Structure formats: structure tokens, C-alpha cells
Amino acid sequence: GSGGFRKRKHDNFPHGQRREEKENVNPSSPLMTSFKSFQLELDTRHDKYERLVKLSRDITIESKRTIFLLHRFTSAPNGEEILNESEIKLDAVRRKIKQVAQELVGEDMYQFHRAISPGLQEYVEAVSFQYFIKTRSLISVEEINKQLIFTAEDREETTNMTSNSHDKQQHTWSLKVTPVDYLLGVADLTGELMRLCISSVGNGDIDTPFELSQFLRQIYDGFTFIGNTGPYEVSKKLYTLKQSLAKVENACYTLKVRGSEIPKHMLADVFSTKTELIDQEEGLS
Amino acid sequence: MSVSDMFIALQGVLTADQDIREEIRREVQALEQTARELLTLLQGVHQGPGFQHIPKKCQKAREHFGTVRTQLESLKTKFPADQYYRFHEHWRFVLQRLVFLAAFVVYLESETLVTRESVAEILGIEADRERGFHLDIEDYLSGVLTLASELARLAVNSVTAGDYSRPLRISAFINELDSGFRLLNLKNDSLRKRYDGLKYDVKKIEEVVYDLSIRGLNKEATVGGGGEK
């Protein structure tokens, strides 16, 4: 039958012939020459992408550490110190962003956007967090991008860049955080602000939660206004944002209702019980 | 600037972006229609009598590419020239399809692999990013891989139609193409996945060649100088 025939066919398959055919391919034919150049082109592209991914990871890590540092800020004496240290950290992050800008000279930024977007979002989160602590307001994307204009620091730097002909003339580099990355970073910021609210109560600070509530409401209104007109990733954040706002509003409620009857140092305990209840409810829904 | 002012400005930017994408989508739809017409035309070569009409089909296809050129010219005007990759996802698929169609026509005409520069010329776009709306190398390679699958099918149908020499030539061509692709260091992306399909095309063609050789049909073809019904 046909089954038996097929079995025989594969046993006798001319592997030798196939090998011979492959050896007959001329390695310097026009086709092979083109593919060698494709290899080079793709390798160069992939290498650059990888360098940018590494930079983005460094940016993410250092930005996250800055955020942790800023959570330790209180109006207590070491507050100024913490702000100064955060500025030093963010300067280091900006130096990495400068390297990103240098890698992207002469390139279409959007070709590599996925490589650097996570890092930039984290940076927006960190820098806007610091800005809020300092000014109680939201940093604009223009303000962020103003800080991402870089100049050559010394003659050494410009001569080191002679590997790329574009850079011989280059003395300034800049990177623009896109509106979408900015929005995503600000959406993540609200999560940190929610944490700030909870820890403020623990520190006996009963003013910050109300300030945060008002601030978060403004941001939430902004995202509501944008709604679905942005890309999907932005709309996705709206849900978490709403939850963060709810937690902050509930904290304010607790303070208002129970705050006057309980000594400050016990507020934290009452408050943490209440938030546990909130989390349980949310778990059930 | 108040928070609400900031968000109003941002919404303006997002809406403008969406408007551009809407226009691009319309242009791409027109391109997709032309691509479908081209594909329907060229698919005809798989039928027996189609072999005689190959030169005519190629000529007609070339005319269709005139429409493609016009449509791509129009697409180019819908977005800022230096933001190709911002919107690339919208036309990536249809461009790959057009590369395949151009490669198929060129193969039917000359049995060679169309170069990147030639495809760009056929489509009326640039080969280099720096010069404007261009053909990305990965889109070119994807289109070429689709050609391989089409030729595997053509090899099979050639035999059915009585042409025993064409599969041998296709086999040599695909083997060279396979060797070329082996030089590439691909990442685990859609191009890589498509490349993984190439070995099945190679195998299919090898089986056709084998079937011909054990029956001595390929010898018949070479001795007779490619004589077919």
C-alpha cells in the first residue's frame, strides 16, 4: 500500500545529493554577497538595540532607587539631605539618558523606541515624584525635556566620539520623552503618591493625605478627559489609577471621621486596619 | 500650567496622532486592494495553461505596480517624513506582501532574486532610510521568504502541468536562498519565525526533485532541452 511505499521513499532519501547541491552554492554569487551585507546590517541594528536595552535597564533601576529614597523623605531635618541625594541620583540617570541620545544620533528614534520606553517611563515617574515633593505640583513634559538637553562636557568627550562621523560635529544631544511615555510615567506616579499617602499617616502627617487627594483627583480628571483617545496602554492604566485614588480618598475619610477621636500615634494602627479591609473588599470584587 | 491645561494639551497631541493614523489606514486599505488584485493575477501561473501566459501575466503585473507607486506616493504625504518608524506598523504587512509580489514577478521573468534596490524601484520608494520612505530590510526579507513558499507550490504544480525542468531550477534557486539566509543572525522575532518555515519549503522542493529523479523524468527534461507539453 501507499504507507509502505512512503516508508521506503524516506529510507532511500538522497541525503548525499542534497549535501552536494548545497556545496554547489557559490559563496561569492551576487545573492550570497547581498546576504553577507544583510548579515552585517542586521547585526549592527541588533547590537545598537541591545546597547539601548541595557541603558534602559540601568535607567529603570536607578530611577526606582531614587523613588525608594524619596519615600524616606519627611519634613524632618534629613529631608533636605534626601532631596539633595535624589538630585544626585537623577543626574546620574540623566547621564545615562545622554548616552541614549548619543546612540540615537542619525537614527529614527521610533525604530528603537521599544528598547528605551520602559526606562524613560520610570524616569518620568521618579522625576515627577521628586518635583511633587518639592513643589506640590505636577512637572510638565516640556520641563522634563528641558533637562534632557545635553552638551559635551569636555574636549575628551567629543574626540571619543570620532567612531561615528555624525558625532564629529556634535556638541549637543537631546532626547524628547514622548507624550505617551510621559502619561504612562505619570500614571505610575499616582501609585507612588498613594503609598506616600499611607506612609504620611503613619508619620503623623495628616495634611499630606488631603493635598494628595486633591492632586490625584486632578490627574485622574486629566486621564478621564483623555479616555480612549490615546493608545491602549494609556487606557489600561486608568483602572489602577482609579484604585489608587480610591485608597487615598478612603484614607482621607478615615482621618476625617476617626482622626479627631484618636491620638496621632495610634492613627497609623487604625488606618492600617481600614486599608486591610479595603484590600479585602477589592479582592472579593 | 495647571494639571488640566497640561492634559488638554496632551489630548490635543494624541488626537492629532490618531487623525494621522486614520488617514494612513485609508491609504493602506487602497494598497491592500491593489495587492489583492496582483496576487489574484499572479496566482494564475499555477494552473497548467497558465505557463504559456507567464510573460503576459508579468506584463500586466508591472502595470499594476504603476498603481502601487501612485498609492505609495500618496501614503508618503500623510505623515512627517522623519517619522517613518512611528507609523511603520500600519503598512508593514502590505509592504511585505508587495515585496513578495515584486519578487515573484521578477522570478517569473528572469528566475533570479530581485534585489532590495530593484524592489524599491518597482515600488517607487527609497532603498535607504536616509533618503525618505524606504524599504526596511526585514520587510524585504519577509517578502522573499513568502516567495520561497510560493515557489515550493509552483514546483509541485509545474510537475502536474508536465514541466519537469522548472522544479530543478527552482530547487537550485531555493538552495542558494537558504544558504543566504543561513548567514543571518536572526533574533526571536516574526522574521525568525517566518525563516523557520523555509526549511519546509526546501524539503518540499527536494521531494519533488527526488520524485522526478528516481523516475528519470529529470534526465528526460535535460536531454530534451526542457521539452514539455
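User: Why is I219(A) called buried?

Analyst: In this predicted model, I219(A) has 0% relative accessibility. The buried label applies under 20%, so I219(A) at 0% qualifies.

User: Where does I219(A) sit, and what does it touch?

Analyst: I219(A) belongs to helix α9 of chain A, which covers residues 208-226. Setting aside its neighbours within four places in sequence, its contacts are V186(A) and T190(A) on its own chain, plus V3(B) and F7(B) from chain B.

User: What makes V3(B) a contact of I219(A)?

Analyst: Contact takes heavy atoms within 4.5 Å. V3(B) is listed among the contacts of I219(A), so the pair has heavy atoms within that cut-off.

User: How far is I219(A) from V234(A)?

Analyst: Their C-alpha atoms are 13 Å apart, with the two positions 15 residues apart along the chain.

User: F7(B) came up just now. What is known about the whole contact between chain B and chain A?

Analyst: Chain B brings 44 residues to it and chain A brings 47. About 4,300 Å² is buried between them, and carbon and sulfur atoms give 66% of that. On the chain B side, F7(B) is one of the three residues that lose the most area to chain A; with L14(B) and Y210(B) it makes up 16% of what that side buries.

User: What makes R116(B) and E41(A) a salt bridge?

Analyst: Their closest N and O atoms are 2.9 Å apart. The cut-off is 4 Å between a side-chain nitrogen of Lys or Arg and a carboxyl oxygen of Asp or Glu, so this Arg and Glu pair at 2.9 Å passes.

User: How many salt bridges and polar contacts join the two chains?

Analyst: There are five salt bridges between chain B and chain A, and 11 residue pairs in polar contact, both partners being at pLDDT 80 or more. In chain B, the elements that each supply at least two residues to the side touching chain A are α1 (3-43), α3 (84-110), α5 (137-160), α6 (166-182) and α8 (198-214). By class, that side has 21 nonpolar, eight polar and 15 charged residues.

User: Let's move inside chain A. What is it built from?

Analyst: Chain A has 11 helices and two strands, running α-α-α-α-α-α-β-α-β-α-α-α-α from the N terminus. Of its 285 residues, 44% count as buried. Among contacts with a separation of 6 or more, 75% are between residues 24 or more positions apart. The chain is divided into domain 1 (40-154 + 171-177) and domain 2 (179-284).

User: How do you know that the two domains of chain A touch?

Analyst: 20 residues of domain 1 are in contact with 17 residues of domain 2. Contact means heavy atoms within 4.5 Å, so these residues meet that cut-off across the domain boundary. About 1,700 Å² is buried there, 65% of it from carbon and sulfur atoms. Q121(A), E125(A) and F132(A) supply 32% of what domain 1 buries against domain 2, more than any other three residues.

User: What polar links are there between the domains of chain A?

Analyst: The count is one salt bridge and seven residue pairs in polar contact. On the domain 1 side, two or more residues come from each of α3 (30-71), α5 (113-135) and α6 (141-146). The largest share, nine residues, comes from α5(A). That side has 10 nonpolar, eight polar and two charged residues.

User: Why do R136(A) and E211(A) count as a salt bridge?

Analyst: Their side chains meet at 2.5 Å, N to O. With the limit at 4 Å, this Arg and Glu pair is within it and therefore counts.

User: Why is R136(A) called partly exposed?

Analyst: R136(A) has 36% relative accessibility. Partly exposed lies between the 20% and 50% cut-offs, so 36% fits. R136(A) is in the loop between α5 and α6 of chain A, and it has a positive phi of about 60° although it is not a glycine.

User: What about E111(B): which accessibility class does it get, and why?

Analyst: E111(B) is at 24% relative accessibility, which is over the 20% limit for buried and therefore partly exposed. E111(B) lies in the loop between α3 and α4 (116-123) of chain B, with a positive phi near 55° in a residue other than glycine.

Definitions and conventions. Residues numbered from 1 in each chain as written. Chains lettered and ligands numbered in written order. Predicted model: local features only at pLDDT ≥ 70, side-chain atom pairs only at ≥ 80, totals over all residues. Heavy atoms only, no water. Buried area = accessible area lost by both parts, 1.4 Å probe. Polar contact = N/O pair within 3.5 Å; in protein donor to acceptor, adjacent residues only side chain to side chain. Helix = DSSP H or I, 4+ residues; strand = E, 2+ residues; numbered from the N terminus. Nonpolar A, V, L, I, M, F, W, Y, C, P; charged D, E, K, R; others polar. Domains from an automatic or database assignment. Buried < 20%, exposed > 50% of the residue type's maximum accessible area, 1.4 Å probe, protein only.
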